[in-house]
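Please open the model in your viewer and keep the sequence panel beside it, since each stop on this tour asks you to select something and then look at what surrounds it.

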Amino acid sequence: MDVSVYNRFLITSALPYANGPLHIGHLAGAYLSADVFARFMRLMDKDVAFICGSDEHGAAITMRAIKEGKTPQEIVDKYHSLFKDTFKKMGISFDIYHRTSDALHHETSQEFFTNLYNKGVFEEKTTEQYFDKEANQFLADRYIKGTCPKCAYEEAYGDQCENCGSSLAPTELINPVSMLTQSKPELKSTTHWYLPLNKDEAWLKSFIEDGTLDGKEHHFAEQWKNHVIGQCKSWIDGGLNPRAMTRDLDWGVDVPKQIAGSEGKKLYVWLDAPIGYISATKAWAEKEGKDWKTYWQNEESALVHFIGKDNIVFHCIIFPSILKAHGDYNLPVNVPANQFMNLEGRKISTSKNWAIWVHEYLEDMPGMEDELRYSMIKNMPELKDSEFTWKSFQDANNNELVNNLANFINRVVVLCHKFYEGLIPEYHEDQVFTGADGAEDQGFMDSEMIDLHDDLDRVREAIQAYDFRGGMKKIMEISSKGNQLLQFNEPWKTIKTDEERVKAVMHLAIQYVEAIRVAIHAYLPFSSDKISKLLNKEIITGKGEWNEMMMELALGESLIPAGQQLSKASHLFSRIDDKTIQEQIDKLEKSQASTVDTSKFEAIKSEINFDDFTKMDIRTATILEAEKVAKTDKLLKLTLDLGFEQRTVVSGIALAYNPEEIIGKKVSLLANLAPRKIRGIISQGMILMASGEKEKLSFVSPEADWENGQSIQ
Ligand SMILES: [Zn+2]
């Protein structure tokens with residue numbers, strides 16, 4: 001049993017988050033796999049809706065807007081159009097690419113929320129949440145950073161640790177810091193609506209592990225990837241907690257006005273984003289004159305979510321809980337999440353600029369969309385993390401696409417022109433020749449065409465099992481067989497001695513080319529179109545061409561008839577030289593080297609004049625004594641030798657230094673600062689410190705042989 005029992009498919013790709021461009025890791029995660037699947041289902045004459053759009057809400061968007069000095073709408077507009085354009089250029093065949101800032105989406109999400117609210121699904125809870133007093137704002141999700149309680153990573157966000165993947169709540173963070181003001185937030189009470197996931201544990205467990213829902217078989221659990229089931233199982237076994245479905249934010253979908261206490265509240269981005277699949281389907285159906293409900297609410301329609309592994313919990317646990325609570329919607333039959341693709345031995349990182357940006361690739365390598373698709377699919381992280389290297393990209397292109405696929409198709413077309421003026425030759429059924437397996441063959445309609453049929457069936461089986469790498473490999477094997485057919489029979493030689501045999505070989509070789517043209521449409525659509533041009537056929541649009549082909553093969557008929565005129569040969573793929581590859585490697589290294597994280601530096605203070613500067617009297621001094629100031633954490637009382645006098649200075653360095661370790665240290669003292677009383681002690685001046693992040697401080701020390709009292713300018 002597999003997904004082919006369904007005739008209608010709702011295929012979704014994770015909504016990309018509109019706060020930065022797409023890199024190859026995104027492509028390999030949720031988009032290429034879904035595109036191959038959607039294209040193939042269309043080839044099989046299934047009714048397909050392939051849905052995606054930009055995810056435009058959530059705190060990371062507003063954070064980005066603050067950083068760039070723009071409005072959130074400006075940020076999402078910029079990335080939405082970039083995404084749309086990039087996907088289109090890469091041949092990702094979405095039926096619609098929608099966006100969550102669209103009014104239809106706001107309306108759909110609010111209806112959904114109201115439906116659950118009216119059913120009494122939510123629990124209303126008042127809790128203490130972090131609040132930034134200076135910014136007068138609650139700090140949800142990405143507005144807050146701190147140390148991950150699970151792995152001690154210091155840059156964990158309030159909703160997730162990107163280092164260990166744990167889902168977090170802001171209150172779990174150690175040393176939380178507001179991203180808005182860098183200040184330490186305080187707790188303040190606020191009321192939100194929670195989805196009681198704890199009540200869903202039992203049915204979620206059997207849904208994910210056995211594929212049953214309400215006691216009935218729902219999907220084929222054996223087709224779910226182990227790592228997906230494993231991650232869900234560890235979540236459920238660890239116990240699910242109620243999860244807040246609303247936030248105190250000013251950017252997002254409003255909690256519906258008619259709900260008491262809704263003011264200032266927005267829907268949680270992970271509630272509204274997957275509902276984006278529904279609103280996008282509505283927008284598409286309206287345009288196409290279809291009924292969106294048949295795709296979402298009819299049991300004969302299969303829902304398949306393509307995502308990266310970082311979204312598993314949202315698509316396998318939270319969204320199914322939301323859909324089931326509503327009651328009218330189908331739950332997914334599979335969530336074939338991919339793992340991560342690494343780049344040149346390291347994790348892809350947006351912040352460190354260690355990435356290949358797809359829109360830049362398209363500019364640097366024009367017309368080479370399928371070359372990238374092929375390399376991504378060949379290395380797709382279907383079951384474990386994989387790696388992209390420019391060298392492997394070059395090798396895949398030169399050794400496989402050029403030497404195998406392009407070489408085979410080119411030879412066939414060139415020979416047909418040379419021997420038959422580009423017309424596909426007639427053949428005699430009883431002609432003997434050497435088959436692709438090297439054995440003598442007679443009457444290829446009975447054997448060779450059945451073999452081809454079986455090989456193509458393996459492609460179908462792989463794709464239906466979400467093994468896209470395997471399917472691609474099978475297609476390349478068909479091309480290899482084609483090359484072997486030519487190699488064994490050497491038509492360029494035998495044309496002089498055995499014309500009839502060459503006709504049979506060339507006729508068969510053309511059938512291979514035609515089969516590749518159809519099969520490869522799911523993987524390398526641009527190349528499929530080029531082959532269509534070579535064969536003088538209409539391009540494939542995904543209207544059941546696969547089924548027609550398999551039927552003809554099963555009947556032993558030629559896929560493309562004798563007498564058809566071929567176009568002049570042109571190369572499908574070209575070799576990529578070392579220089580081109582080196583340029584890309586250099587670009588990657590360079591962009592990485594030039595990346596400076598400016599967020600950790602303080603802004604330059606307002607300008608002063610030279611007189612202001614010369615007013616400061618800075619002197620060399622030595623610490624003679626140091627002791628902690630009672631009842632404080634940060635303060636040390638220091639006695640300093642200035643050569644001509646001794647001074648007492650109170651300094652906030654106790655977290656960085658123990659008193660005993662700094663005795664005898666040379667320091668720089670701002671000596672003419674007006675005395676201040678600190679904790680009852682008169683502090684006569686201030687020691688200059690270089691301040692790093694948090695408690696990292698160091699003295700600005702003159703050389704050890706400097707005399708005390710010498711002035712520093
Ligand atoms: Zn962590």
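Select helix α16 (residues 499–519) together with helix α17 (residues 525–535): their axes come within 8 Å and cross at roughly 145 degrees, where axes are lines fitted to C-alpha atoms, for helices over the stretch in contact, and angles run from 0 to 180 degrees between N-to-C directions. Helices (H or I, at least four residues) and strands (E, at least two) are DSSP runs, numbered from the N terminus. The crossing of α16 and α17 is left-handed, a term used if the near helix is turned anticlockwise from the far one by less than a right angle, with right-handed used if it is turned clockwise.

This is a predicted model, in which local features need pLDDT of at least 70 and side-chain atom pairs count only at pLDDT 80 or more, while totals for chains, interfaces and linings use all residues. Residues are numbered from 1 along each chain as its sequence is written.

Now show the side chains where these two helices touch: V513, E514, I516 and R517 of α16 meet S528, I531, S532 and L535 of α17, two residues being in contact if their C-beta atoms, placed from the backbone, lie within 7 Å. The residues of this contact divide into four nonpolar, two polar and two charged; Ala, Val, Leu, Ile, Met, Phe, Trp, Tyr, Cys and Pro count as nonpolar, Asp, Glu, Lys and Arg as charged, and the others, Gly among them, as polar.

Centre the view on L535, which is found in α17. Is L535 buried or exposed? L535 is buried, with 22 other C-beta atoms within 10 Å; a residue is buried if 20 or more other C-beta atoms lie within 10 Å of its own, exposed if 12 or fewer, and partly exposed in between, with C-beta atoms placed from the backbone. Leaving aside its neighbours within four places in sequence, L535 is in contact with V513, E514, R517, I560 and L566. Draw a distance from L535 to E514, and you will find that their C-alpha atoms are separated by 7.9 Å, although the two residues are 21 apart along the chain.

From α17, move to helix α11 (residues 369–378), which is largely enclosed by the rest of the structure because nine of its ten residues are buried. Among the buried residues of α11 are D370, R373, Y374 and K378. Their cover includes α1 (24–43), α10 (358–364), β17 (386–388), α12 (390–420), α14 (468–489) and α17.

A second helix pair is worth selecting next. Helix α5 (residues 201–209) and helix α9 (residues 312–326) pack at an angle of about 125 degrees, with their axes 11 Å apart. That makes α5 oblique to α9, since angles under 35 degrees count as roughly parallel, over 145 as roughly antiparallel, 65 to 115 as roughly perpendicular and the rest as oblique. The crossing of α5 and α9 is right-handed. Here L204, F207 and I208 of α5 meet C316, I317, P320 and S321 of α9, and the residues of the contact divide into six nonpolar, one polar and no charged.

Turn now to the sheets, where two strands pair if DSSP finds at least two bridges between them. One open sheet of four strands has the order β3-β2-β1-β15, with parallel pairing. β3 (96–99) and β15 (301–306) stand at its edges, each with a single partner strand, so one side of each is left without a neighbour in the sheet. Within this sheet, five bridges join strand β1 (residues 8–13) to strand β2 (residues 47–54), and T12 stands opposite I51 in β2. Add helix α3 (residues 72–89), which lies across β2 and β3 and runs at about 145 degrees to β2.

Another open sheet of four strands has the order β5-β4-β9-β12, with antiparallel pairing. Strand β4 (residues 123–132) and strand β9 (residues 186–195) pair over nine bridges; T127 stands opposite T190 in β9, and the bridge partner of K125 is H192. On to β12 (residues 243–244), which pairs with β9 over two bridges, with A244 as the bridge partner of Y194.

Finally, zoom out to the chain, whose secondary structure comes to 20 helices and 29 strands. Buried residues make up 42% of its 713 residues.
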